[in-house]
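The following paragraphs lead the reader through one protein structure, from its charged and aromatic side chains to its backbone. Please keep the sequence and the model in view while reading.

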Amino acid sequence: MRSAAPTAKRERRAPVDFAGKTYLAPLTTVGNLPFRRVCKEFGVDITCSEMAIANNILQGSQTELALLKRHKSETIFGVQLAGSRADVIGRATEFVSRECSVDFIDFNMGCPIDMAFNNGGGSALLAQPRRIERILRTMRHVADCDITVKFRTGVKNNVNVAHELIPQFEAWGAAMGTLHGRSRQQRYSKSADWEYIGRCRGAAQQMPLFGGGDVLSWEDYWAHLETRQQCDGIMVGRGALIKPWIFREISERRVWDISATERLDILKQFARFGMEHWGTDSQGIANVRRYLLEWQSFLHRYIPAGILEVLPQNINDRPPPFVGRNDLETLMASPLASDWVKLSEMILGPAPDGFAFVPKHKSNSYEG
Ligand SMILES: Cc1cc2nc3c(=O)[nH]c(=O)nc-3n(C[C@H](O)[C@H](O)[C@H](O)COP(=O)(O)O)c2cc1C
């Protein structure tokens, strides 16, 4: 790893003006560079890498280092780091800040999965403010860009701690915070608690507070941001996976009754971006297919606006099976992985013999 000459004092990059911008959530596996490019085409302002484990970066893991790559279309781009030790995170922050093109580095305090939690990382940190303080102060000290934080309401249901932590995050150097309005225990069950996000906004002095959870329509977006003024900006995760054109709907404040052919064109564009990113040899195409299928495990949940009885679609409602306005629309709504493979074949040609696909994320289910 290269390090800057000790005498060379590096300039701090200009702080990011986050407030009011649309923010595509960091999304492990599915929030890859080609997907983020698709969202950029639909007008999202801020993008973030998938979560990268600080320790793996320091060990030079190629897969982890690949996560740090920014596409030139990403105008405001951050890398998200996860870990539990201030020294390790500090060195990874220094590396990212010096060697990568980033506008901010986000620290993950929301990851609910056991592997992170049992190592004291992700949402486990929410119960350890002294440790967070060491980590954030170190990150702030070594980075020449903004440090941001992403967190949940707390570890357990009904024991909210975010409102107490927010003023401290700010004092320890965070330039922006994003609160996913659920506890670790809650995972994706029940709706995100936007009222609590609104209360938390009042706990911040200067730091913009972004909210996140369940936004799948422009109506929800503007209701949280403008009507109820619950936050300074909104991060969209599954909503962008299910319908990446949500960012256009948000800026135009109207529903787009997109046709199945137009949706297929989006998939074709993803495949083009994917081939640029992963390559066009057989391994490259295999990657494009795999990531397209991972994405389809979310995309199939979209219900075309034109056939929905009551708008907008609610992210936590499991829709009854429906027949689309043409065969392609019906195929795109299929919950069967074998149908997703058929879709991939329309774009990438035949899958290898005996190919089968099992999605990685459980959150394509409704409880996740
Ligand atoms: C497939 C998937 C992968 C995710 N990966 C990450 C991640 O790498 N880092 C992170 O902070 N949050 C991650 N999240 C959480 C989202 O960033 C977001 O906070 C959460 O999904 C709530 O927002 P939503 O209801 O708009 O999806 C992930 C969520 C999903 C569904």
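A charge is said to sit over a ring if NZ of Lys or CZ of Arg is within 6 Å of the ring centre and within 35 degrees of the ring normal. The model discussed here is a predicted one, and it offers an example in Arg184, whose charged end sits over the ring of Phe117 at 3.6 Å from the ring centre. In another such arrangement, the charged end of Arg290 sits over the ring of Tyr291, 4.7 Å from its centre.

Tyr291 leads on to the aromatic residues. A pair of aromatic rings is described by the distance of the centres and the angle of the planes. The structure has 13 aromatic pairs. Trp278 and Tyr291 form one that is stacked, with 4.6 Å from centre to centre and 5° between the planes. This pair links distant parts of the chain, since Trp278 belongs to helix H12 (residues 260-278) and Tyr291 to helix H13 (residues 282-299), 13 residues apart. Both partners are buried: the relative accessible area of Trp278 is 19%, and that of Tyr291 is 16%. Ring pairs also place these two residues in a cluster with Phe35, Phe270 and Trp295.

Attention now turns to pairs of opposite charge. The whole structure contains 20 salt bridges. In one of them, the side chains of Arg13 and Asp144 meet at 2.6 Å, N to O. Arg13 lies in the segment before strand E1 (22-24) and Asp144 in the loop between helix H6 (129-142) and E5, so this salt bridge ties together parts that are 131 residues apart in sequence. Arg13 is partly exposed, at 26% relative accessible area, whereas Asp144 is buried at 6%.

Another salt bridge is found within a helix. Arg130 and Glu133 both lie in helix H6, three residues apart, which is about one turn of the helix, and their closest N and O atoms are 3.0 Å apart. Arg130 is exposed, with 51% relative accessibility, while Glu133 is buried, with a relative accessible area of 18%.

Glu249 and Lys243 form a further salt bridge, in which the closest N and O atoms are 2.8 Å apart. Here both residues count as buried, Glu249 at 2% relative accessibility and Lys243 at 8%. Elsewhere, salt bridges that share partners join Asp114, Arg184 and Arg187 into one network.

What is the nearest side chain of opposite charge to Glu170, a buried residue without a salt bridge? It is Arg201, 11 Å away. A salt bridge requires a side-chain nitrogen of Lys or Arg within 4 Å of a carboxyl oxygen of Asp or Glu, so this distance does not qualify. Glu170 is found in helix H7 (residues 162-171). Leaving aside residues up to four places away in sequence, Glu170 touches Ala204, Gln205, Gln206 and Met207.

The cysteines come next. A disulfide is a covalent bond between the sulfur atoms of two cysteines. A search of the whole structure finds zero disulfides. For Cys145, the closest cysteine sulfur is that of Cys100, 9.8 Å away and therefore too far for a bond. The sulfur of Cys200 is likewise too far for a bond, because the closest cysteine sulfur, in Cys231, is 11 Å away. Cys145 is buried at 0% relative accessibility, and Cys200 is buried at 0% as well.

The backbone has features of its own. Most residues other than glycine have a negative phi, and most peptide bonds are trans. The peptide bond from Leu311 to Pro312 is cis, with omega near -10°; Pro312 is placed in the loop between H13 and helix H14 (327-332). Although Arg187 is not a glycine, its phi is positive, at about 45°. Arg187 is found in the loop between strand E6 (176-180) and helix H8 (194-201), and it is partly exposed, with a relative accessible area of 29%. Arg253, also not a glycine, has a positive phi of about 50°. Arg253 lies in the loop between helix H11 (246-252) and H12 and is partly exposed at 36%.

A last stop is Thr153, in the loop between strand E5 (146-152) and H7. Thr153 is buried, with a relative accessible area of 3%. Not counting residues up to four places away in sequence, the contacts of Thr153 include Leu179, His180, Gly181 and Tyr196.

Terms used: Residues numbered from 1 in each chain as written. Predicted model: local features only at pLDDT ≥ 70, side-chain atom pairs only at ≥ 80, totals over all residues. Heavy atoms only, no water. Helix = DSSP H or I, 4+ residues; strand = E, 2+ residues; numbered from the N terminus. Buried < 20%, exposed > 50% of the residue type's maximum accessible area, 1.4 Å probe, protein only. Lys, Arg positive; Asp, Glu negative; His and termini not counted. Contact = heavy atoms within 4.5 Å. Phe/Tyr/Trp six-rings, centres within 6.5 Å; stacked < 30°, edge-to-face > 60°. Disulfide = S-S within 2.5 Å.
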